[in-house]
Amino acid sequence: MTLDRLRKQNSSWMIRSVLCFFTLAFYVGALCAPDLNEIFSGFVRIVTNPAQLTKDYFRPEIGSISGAFFNTALVGTVCCALLFLPGAVTSGLTVTGYMLTVGFSFWGMNLVNILPFMFGTFVYSLIKREPFAKFVNFAMFSTALGPLASEMLYRYPGTEIRGVTLAGIGLALLIGVATGVAMPALCAHAKNFHKGYSLYNAGAAAGFWCFFLYATLYRTLGVEAPAIEAITSDGLSKTFVDVYCIVVFVLCIIVGFILSGNSFKGYWSLLKDTGYQVDFGTKYGNGPTVMNFGVYGLFIVLYYNLIGAKFTGATFGAIFCMLACCCTGATPRTVFPIMIGYFLASRFGQDALNAQAIVVGLYFASGLAPVSGNYGIIAGIVAGMIHYCIVTSAPAIHGGFNLYNGGFTSCLTCFVLVPILEHFFKTKEERKLARAGKNG
């Protein structure tokens with residue numbers, strides 16, 4: 001394929017290519033991991049253990065570094081396979097679904113616990129009498145409750161691991177089908193909750209749905225719920241993370257630069273966007289969008305290095321979770337105020353800025369980018385501070401079984417903040433029009 005033909009490819013083709021590239025990169029990461037001899041045994045431990053927040057798949061008792069990369073690569077392969085189904089349509093939301101799914105495959109999702117939810121979405125397609133390929137985005141978003149499927153398979157109705165039973169398989173499939181059928185309707189309604197100011201739209205849907213299931217399965221039935229606890233590892237060395245991410249993200253910048261006609265002009269225009277209800281691929285083209293993968297990815301890694309974050313499975317996976325919205329509104333410019341808000345809040349809070357819960361919380365706080373994009377830096381800082389204050393309390397609502405906890409928190413933040421902003425302040429566009437009216 002010539003370079004000119006490559007530049008003219010539609011966004012669907014480009015999205016599939018980029019996501020396949022990331023999947024391949026995870027396979028390479030597995031082969032380059034320091035504990036390669038543990039790749040298969042670590043993978044087996046990952047898929048046969050509960051996955052309630054937070055279970056770090058890098059930890060030897062739960063998995064292994066190579067096993068976690070291998071698990072992520074396999075999950076990525078499943079997601080990419082869905083995108084090649086006849087009739088599958090991809091968009092910026094497809095990137096969001098894929099990146100969240102592979103990001104959480106380092107600390108909550110695995111090849112086993114995602115399957116009941118994908119089957120549930122298939123059942124939904126049968127009910128609607130429409131092709132399953134039409135709902136592949138929802139198939140990925142519904143996996144947010146992966147830990148609940150693992151819980152049904154290995155522990156419920158107790159707190160001790162007892163192994164797989166027919167009853168456990170039945171419960172996991174039942175929850176998967178119920179979630180797969182409910183999520184499309186809930187996601188469609190969720191935007192009314194946050195008015196488009198949270199890029200993680202599925203966070204509200206998954207959060208409230210998991211709250212309902214958790215209350216029913218545990219509180220209502222009087223079943224003891226397992227404690228919410230963080231089990232973490234020593235993590236990856238910063239050298240491994242830096243080299244791996246720099247190679248992957250620099251390649252994205254190079255490819256994006258070439259696709260942009262050897263120019264950064266399109267990317268500068270993208271950076272100026274408010275990030276509110278936008279699909280960068282459709283609005284700016286393939287080149288600037290692919291470039292944002294790389295620039296935004298390096299920006300995230302630089303931030304994590306500056307604050308001294310430890311790269312556990314959770315924090316490493318969070319890098320890719322933050323990338324989830326690089327096609328639908330998140331850029332370094334709109335996310336930076338959120339980071340400032342987290343920094344300021346950490347000065348008063350009891351949790352350090354580089355504490356795992358706070359580092360991980362930031363990835364979904366980045367979904368508040370449209371707030372700073374539309375209302376300015378101060379609004380973005382306030383949004384970040386509010387998110388910091390409530391993100392560690394939200395798991396109590398859903399028992400730690402909703403992996404989109406931070407996305408749920410970003411929607412709650414919008415519920416509190418956006419009505420106030422709309423009532424007392426004007427967006428950048430409204431201020432611009434007001435100035436133009438005065439000058440006219």
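In the predicted model, the second largest pocket encloses about 310 Å³ of space. Its lining comprises 17 residues, and those nearest the pocket centre are Leu 53, Thr 54, Ala 357, Pro 395 and Asn 405. Two elements, H17 and helix H21 (405-424), each give two or more residues to this lining. The greatest contribution is that of H17, which supplies five residues. By class, the lining of the second largest pocket consists of ten nonpolar, six polar and one charged residues.

Two of the residues nearest the centre of this pocket, Leu 53 and Thr 54, are joined by a cis peptide bond, with omega near -10 degrees. Thr 54 is located in the loop that connects helix H3 (39-47) with helix H4 (65-83). In general, most peptide bonds are trans.

H17, which gives the most residues to the lining of the second largest pocket, also packs against a further helix. The axes of helix H16 (residues 332-348) and helix H17 (residues 356-365) come within 10 Å of one another, crossing at roughly 150 degrees. The crossing of H16 and H17 is right-handed. On the H16 side, the contact is formed by Ile 338, Met 339 and Tyr 342, which meet Ile 358, Gly 361, Leu 362 and Ala 365 of H17. Six of the residues in this contact are nonpolar and one is polar, while none is charged. An α-helix has 3.6 residues a turn, so residues three or four places apart point the same way. Such spacing is seen between Ile 338 and Tyr 342 in H16, and between Ile 358 and Leu 362 in H17.

The largest pocket has a volume of about 440 Å³. It is lined by 23 residues, and Leu 93, Phe 141, Lys 191, Leu 199 and Asn 201 are the closest to its centre. Helix H5 (92-103), helix H7 (136-141), helix H9 (166-194) and helix H10 (201-220) are the elements that give two or more residues to the lining. The class composition of this lining is 13 nonpolar, eight polar and two charged residues.

Several backbone features occur around H9 and H10, both of which contribute to the lining of the largest pocket. In the loop between helix H8 (146-154) and H9 lies Pro 157; the peptide bond from Tyr 156 to Pro 157 is cis, with omega near 10 degrees. The loop between H9 and H10 contains Lys 195, a residue other than glycine whose phi is nonetheless positive, near 60 degrees. Most residues other than glycine have a negative phi. For H10 itself, a rise of 1.5 Å a residue over 20 residues predicts a span of 28 Å, and the end C-alpha atoms are 28 Å apart, so the expected and modelled lengths agree. H10 is followed by Gly 222, which has a positive phi near 70 degrees.

Conventions
Residues are numbered from 1 along each chain as its sequence is written. This is a predicted model: local features need pLDDT of at least 70, side-chain atom pairs count only at pLDDT 80 or more; totals for chains, interfaces and linings use all residues. Side-chain values use heavy atoms; hydrogens and water are left out. Axes are lines fitted to C-alpha atoms, for helices over the stretch in contact, and angles run from 0 to 180 degrees between N-to-C directions. Helices (H or I, at least four residues) and strands (E, at least two) are DSSP runs, numbered from the N terminus. A crossing is left-handed if the near helix is turned anticlockwise from the far one by less than a right angle, and right-handed if clockwise. Contact means heavy atoms within 4.5 Å. Ala, Val, Leu, Ile, Met, Phe, Trp, Tyr, Cys and Pro count as nonpolar, Asp, Glu, Lys and Arg as charged, and the others, Gly among them, as polar. On a 1 Å grid over the protein atoms alone, a cavity is a set of points where a 1.4 Å probe fits but cannot get out, and a pocket is an open set with protein on both sides within 12 Å along at least five of seven lines; lining residues have an atom within 4 Å of a point. Grid points are joined across faces, edges and corners, and a volume is the space filled by probe spheres set on the points. The expected span of a helix is 1.5 Å times one less than its number of residues.
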